[in-house]
Protein chains: 2
Amino acid sequence: MKVTIYDVAREANVSIATVSKVINNTGRIGEKTKRKVEEVMKRLDYQPNMMASALMGKQTKTIGLLIPDLANPFFSELARSIEDRAHEFGYNLVICSTDYLPEKENKYLNLLKRKNVDGFILASGFENLEKVEEMVREHVPVAIVARDFPMFSINTVALDDFMGGYLAASHLMKLGHQKIAVIARDVWSNRERLRGFKQALEEKNIKFMENFEYIDGPSHVEPGKKMALKYLTCDDGGPTAIFACNDLLAIGAIQAVKELGKNVPDDVSIMGFDNTLIATIVEPPLTTIAQPIQNMGKEVLDLIISMINGEKKEVMRLTLLPSLVERNSTSPL
Amino acid sequence: MKVTIYDVAREANVSIATVSKVINNTGRIGEKTKRKVEEVMKRLDYQPNMMASALMGKQTKTIGLLIPDLANPFFSELARSIEDRAHEFGYNLVICSTDYLPEKENKYLNLLKRKNVDGFILASGFENLEKVEEMVREHVPVAIVARDFPMFSINTVALDDFMGGYLAASHLMKLGHQKIAVIARDVWSNRERLRGFKQALEEKNIKFMENFEYIDGPSHVEPGKKMALKYLTCDDGGPTAIFACNDLLAIGAIQAVKELGKNVPDDVSIMGFDNTLIATIVEPPLTTIAQPIQNMGKEVLDLIISMINGEKKEVMRLTLLPSLVERNSTSPL
DNA sequence: AGAAATTGATAAAGCGCTTAACTAAAAATG
DNA sequence: CATTTTTAGTTAAGCGCTTTATCAATTTCT
């Protein structure tokens with residue numbers, strides 16, 4: 001049978017309160033009794049039941065992480081970096097893939113609430129504003145990562161997506177490109193990237209493509225390829241460069257170019273976004289805008305921990321900066 | 001404040017026992033009271049606290065998943081497929097990356113036990129035999145996935161790794177290759193793959209490379225590249241084909257070949273294992289041995305669920321079969 | 001009509017822990 | 001030495017739920 005605090009108390013000839021105190025290192029305990037209790041705990045291999053202490057209002061040492069898709073390299077890398085940091089603090093992560101579906105977001109949120117997770121980390125793609133607002137109102141610790149909610153006050157670790165888009169456009173223009181297509185799914189961060197992108201264009205008096213439209217599938221290889229194909233086979237000869245709003249889409253674009261018998265980067269330059277593992281793996285290696293994934297994971301975890309511990313009262317928005325990683329998928333026109 | 005079963009009971013003019021019964025749909029309840037209680041629950045937006053019911057011996061609807069590395073595409077895809085199936089049953093997954101480190105395995109196992117997870121899924125790479133045995137002895141529901149423990153009785157969903165290795169060797173030999181190098185990390189499944197590989201060779205009277213050795217780093221691109229480089233620059237001219245025991249290593253091998261100014265597959269054929277997303281992304285697309293990841297995820301989840309529900313008493317070992325996926329990284333000699 | 005069986009609901013114990021309130025003994029104080 | 005203070009430990013209530021035993025009210029049967 002499972003050994004409980006009662007077993008330890010009996011074996012050590014003390015009350016359960018005393019045992020509880022040595023477990024939590026609270027209150028007054030004599031050196032001798034303390035040692036004795038510790039000895040007994042070790043001997044019986046006693047493991048305090050977290051359910052019970054959670055019931056008494058203590059932490060569950062569990063954090064809920066909601067991401068769009070765990071199988072997407074960006075998110076699995078982000079999840080991993082959060083997990084690593086969480087591990088250092090003795091926390092576990094419950095990871096939920098929402099597929100950008102509000103029903104899933106809600107379902108998971110409710111489920112995790114019932115499980116008394118100590119806090120939530122919502123990754124980019126979470127679009128359910130009211131729900132988020134509600135949680136903030138209820139003082140549930142929530143932090144956002146890789147996404148910005150500029151409209152309201154919530155702890156956030158975001159990337160400067162605007163700058164990312166700006167960087168991408170600048171790089172491409174510096175290489176002499178003027179006809180640049182953009183491939184993106186319609187989510188907040190991409191709208192920002194697009195804005196930055198357009199801004200850079202405008203500054204150089206280059207006009208943005210006319211036939212732009214958001215993809216409607218997931219941000220994956222296939223939809224990226226399809227959209228790239230569409231742009232490339234346009235009557236006007238198509239773009240000389242493509243900026244895809246994540247690496248997966250960019251890879252789709254590369255495949256599209258190849259399928260048309262053309263070459264990357266000689267005929268068409270391609271840029272991605274995220275700098276995940278796969279950016280180093282494609283051929284040619286992908287020039288991309290890097291997100292500091294490790295750092296984002298660490299920062300957001302630290303943020304949520306300090307909220308859980310009630311240390312931080314003021315809301316903060318931490319904006320990390322993207323950087324250009326030049327590889328071989330782009331070249332001068 | 002959080003609404004509890006007491007609030008519902010008071011509001012519905014019944015006892016908490018009655019409310020509990022309608023929540024769990026147990027015992028005798030009159031139609032009218034039942035409806036009334038349900039109405040109140042809805043109105044107050046009552047969410048039963050799982051901690052409390054878990055304390056009473058009920059399930060936590062949480063499963064612990066231990067994998068070597070969430071950032072590895074094979075494992076993130078596997079985790080995702082398990083998660084999807086778990087979702088259908090109302091379960092959540094606590095995902096832990098162990099990095100093949102026994103200390104981490106133990107730490108996570110203990111932590112999750114204290115959190116009363118309903119069961120554990122251990123993915124390939126888990127080498128801590130005694131611990132597993134102990135859990136089986138204690139009747140903790142455990143299932144193994146993508147790994148085989150042929151030595152003892154435990155529920156398993158495995159891949160026929162032997163056959164995978166055999167398939168790889170056969171394919172390469174059919175293409176005329178005789179000097180084939182193998183890149184692998186020293187874990188159980190790779191030993192099996194190697195065994196199958198050698199078996200196939202033997203049947204054709206082709207002898208296995210002499211200078212084989214396991215890599216010592218993680219199964220990642222860099223170590224794969226390093227090892228491939230070593231084999232390729234051998235005095236005897238090096239292999240004409242390389243079989244890497246996972247896709248990441250294979251990509252390292254491809255990079256090595258390119259770095260030497262040679263071509264894949266014309267100069268050197270390369271095969272991988274797993275058939276993850278990245279196999280479709282590299283250039284050339286990777287010929288690889290496919291694991292039925294989706295299926296493995298589903299099966300192992302079903303297995304653990306039936307163990308948790310005490311439906312299945314007999315231990316079973318489900319072995320799924322790998323298949324050859326031919327792409328462009330291999331060619332006739 | 002009265003006994004027996006059925007139904008619907010409740011009281012209360014308990015899951016394993018935390019914590020506020022309390023007490024007895026030991027140490028410090030004048 | 002008597003009194004106050006400190007220290008070490010205990011008692012008991014309670015977290016939110018499940019479940020068994022119990023009971024009152026109906027219904028069924030003879």
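Angles between helix axes under 35 degrees count as roughly parallel, over 145 as roughly antiparallel, 65 to 115 as roughly perpendicular and the rest as oblique. The model here is predicted; local features need pLDDT of at least 70 and side-chain atom pairs pLDDT 80 or more, while totals for chains, interfaces and linings use all residues. Residues are numbered from 1 along each chain as its sequence is written, with chains lettered from A and ligands numbered from 1 in the order in which they are written.

**Exercise 1.** Describe how H10(B) and H11(B) cross.

*Solution.* Start by finding the helices, which are DSSP runs (H or I, at least four residues; strands are E, at least two) numbered from the N terminus. H10 covers residues 221–232 of chain B and H11 covers residues 247–259 of chain B. Next, take the axes, lines fitted to C-alpha atoms over the stretch in contact, with angles from 0 to 180 degrees between N-to-C directions. These axes come within 7 Å and cross at roughly 50°. The two helices are therefore oblique to each other. Finally, classify the residues: nonpolar means Ala, Val, Leu, Ile, Met, Phe, Trp, Tyr, Cys and Pro, charged means Asp, Glu, Lys and Arg, and the others, Gly among them, are polar. The contact of H10(B) with H11(B) has 12 nonpolar, three polar and two charged residues.

**Exercise 2.** Work out how chain A and chain B are related and what their contact is made of.

*Solution.* First, superpose the copies by least squares on the C-alpha atoms of residues with pLDDT of at least 70 in both. A turn of 180° and a shift of 0.0 Å along the axis lay chain A on chain B with an RMSD of 0.1 Å. The copies are thus related as by a two-fold rotation axis. Now count contacts, meaning C-beta atoms, placed from the backbone, within 7 Å: 34 residues of chain A touch 34 residues of chain B. On chain A's side, H4 (50–55), H5 (73–88), strand E2 (92–97) and H6 (102–114) each give two or more residues. That side has 19 nonpolar, eight polar and seven charged residues.

**Exercise 3.** Which residues come nearest to DNA strand D, and which helix gives the most to the surface near this strand?

*Solution.* Near means that a residue's C-beta atom, placed from the backbone, lies within 6 Å of the strand. Of the 29 residues around DNA strand D, the nearest are Ala17(A), Gly30(A), Thr33(A), Ile5(B) and Ser20(B). H2(B) gives the most, with six residues. By class, the surface has 13 nonpolar, 11 polar and five charged residues.

Conventions:
Contact = placed C-beta atoms within 7 Å.
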